[in-house]
Amino acid sequence: MGNQVEKLTHLNYKEVPTADPTGMDRDEGPRIGVSYIFSNDDDELEQQQDSVHDLGGENPALQPYDPQLHEVECSVYYRDECIYQKSFSEEDAQLEEGDEGGGGHLSTYTPENLLNRCKPGDLVEFVCQAQYPHWVVYVGDFQVVHLHRLEVVNSFLTDASQGRRGRIANQLYRYKALSPAAVVRNALEQVGCKDRDLSWRNSECFAAWCRYGKREFKIGGELRIGKQPYRLQIRLGDKRSHTLEFQSLEDLIMEKRRNDQIGRAAVIQELSSHLQAAEEDEEEEEDHHHPAS
């Protein structure tokens, strides 16, 4: 079966006014407009971690983190150009961890080990089962800059990790990177920016903007004029994939991050159910047009 293409309506956020008619959000202060202006995915991460600690580590759902088991393989296209790819193909997996361009760059490490690998200007992605990935910019001297709880902050890498494993994420996006000095400067110049002065919806958009300098990562960086030039192709296995279309890169990133948060098994189940329903509808329509004689 070929790829399925559908138009995105609202898979991961609701384009509706905030739940509180006063415009106040208990965790984030006053908010105006629609509820997806800012992402709170990184805020939710700490709350989820706290709930796990409260259980005393007895949650049977918790398993050793395995990127190939928990993460979603996908590619992102702008028109016909691939601008992002995460793949665990056998060919990639056979490469050494330090090799450029292969699956080795998806290996994860403890925060302490990452410190020995990071260079100023590197992007780091911290990952954990059932949580949104958290992206940071390494600026040197064991420190990172990142978007955390609606503020751009400077902290130690080990603190920003919150105990999660991480990887250097320079190779996921295929844009040409700025110089390391420019990446560090972009990050440090934004420290202290918060709330309504922010131009990014989540930590990934902020970190990627620092490294690549593209306005597409910013809130409202692209006009939504009805066209959907971005495609998120999700690999389901067995040479099957499912494709979603988006008007902007920031919308696509929000959906990609939602998939990472719910995990590979849930995404495959969600999409398989959708595709099965679509196939049944097509069969019913064919039966309707070609009734048995």
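Trainee: Leaving aside its neighbours within four places in sequence, which residues is Asn259 in contact with?

Mentor: In this predicted model, Asn259 has its place in helix H8, which covers residues 249-262. Asn259 is buried, with a relative accessible area of 3%. Beyond its neighbours within four places in sequence, the contacts of Asn259 are Val72, Leu232, Ile234 and Val267.

Trainee: Does Ile83 count as buried or exposed, and at what relative accessibility?

Mentor: Ile83 belongs to strand E5, residues 81-86. Its contacts, leaving aside neighbours within four places in sequence, include Leu172, Tyr173, Arg174, Tyr230 and Leu249. The cut-off for a buried residue is under 20% relative accessible area. Ile83 therefore counts as buried, at 1%.

Trainee: How far apart in space are Ile83 and Tyr175, C-alpha to C-alpha?

Mentor: Tyr175 is among the residues in contact with Ile83. In sequence the two are 92 residues apart. In space, the C-alpha to C-alpha distance between Ile83 and Tyr175 is 6.4 Å.

Trainee: Which residue lies over the face of Tyr175?

Mentor: Tyr175 is part of a cluster linked by ring pairs, which also holds Tyr84, Trp135, Tyr173, Tyr212 and Phe217. The count of aromatic pairs in the structure comes to 11. Over the face of Tyr175, at 4.8 Å from the ring centre, lies Lys214.

Trainee: The charged end of Arg117 sits over which ring, and how far from its centre?

Mentor: Here the partner is a tyrosine, Tyr109. The charged end of Arg117 sits over the ring of Tyr109, and the distance to the ring centre is 3.9 Å.

Trainee: In which parts of the chain do Arg167 and Glu71 lie, and how many residues apart are they?

Mentor: The side chains of Arg167 and Glu71 meet in a salt bridge, at 2.8 Å from N to O. This pair links distant parts of the chain: Arg167 is in strand E10 (residues 165-168), while Glu71 is in the loop between helix H2 (67-70) and strand E4 (74-78). Both residues are buried. Their separation in sequence is 96 residues.

Trainee: Which residues do salt bridges that share partners join into one network?

Mentor: Arg167 also meets Glu125 in a salt bridge, at 2.9 Å from N to O. Glu125 lies in strand E6 (residues 123-127) and Arg167 in strand E10, so this pair ties together parts 42 residues apart in sequence. Both Glu125 and Arg167 are buried. The network formed through shared partners consists of Glu71, Lys86, Glu125, Arg167 and Asp260.

Trainee: With which residue does Arg235 form a salt bridge?

Mentor: The closest N and O atoms of this pair are 3.1 Å apart. The pair links distant parts of the chain, with Arg235 in strand E11 (residues 230-237) and its partner in the loop between H2 and E4, 162 residues apart. Arg235 counts as partly exposed at 35% relative accessibility, whereas the partner is buried at 13%. That partner is Glu73.

Trainee: How many disulfides does a search of the whole structure find?

Mentor: Cysteines occur in different settings here: Cys128 is partly exposed, with a relative accessible area of 27%, and Cys210 is buried, with a relative accessible area of 0%. For disulfides, the search of the whole structure returns zero.

Trainee: What pLDDT does the chain average?

Mentor: Over residues 1-39, pLDDT stays under 50, and it also stays under 50 over residues 44-62. Of the residues, 67% score at least 70. The chain average is a pLDDT of 78.

Terms used. Residues numbered from 1 in each chain as written. Predicted model: local features only at pLDDT ≥ 70, side-chain atom pairs only at ≥ 80, totals over all residues. Heavy atoms only, no water. Phe/Tyr/Trp six-rings, centres within 6.5 Å; stacked < 30°, edge-to-face > 60°. Lys NZ or Arg CZ within 6 Å of the ring centre and 35° of its normal. Disulfide = S-S within 2.5 Å. Buried < 20%, exposed > 50% of the residue type's maximum accessible area, 1.4 Å probe, protein only. pLDDT = per-residue confidence, 0-100. Contact = heavy atoms within 4.5 Å. Helix = DSSP H or I, 4+ residues; strand = E, 2+ residues; numbered from the N terminus. Salt bridge = Lys/Arg side-chain N within 4 Å of Asp/Glu carboxyl O.
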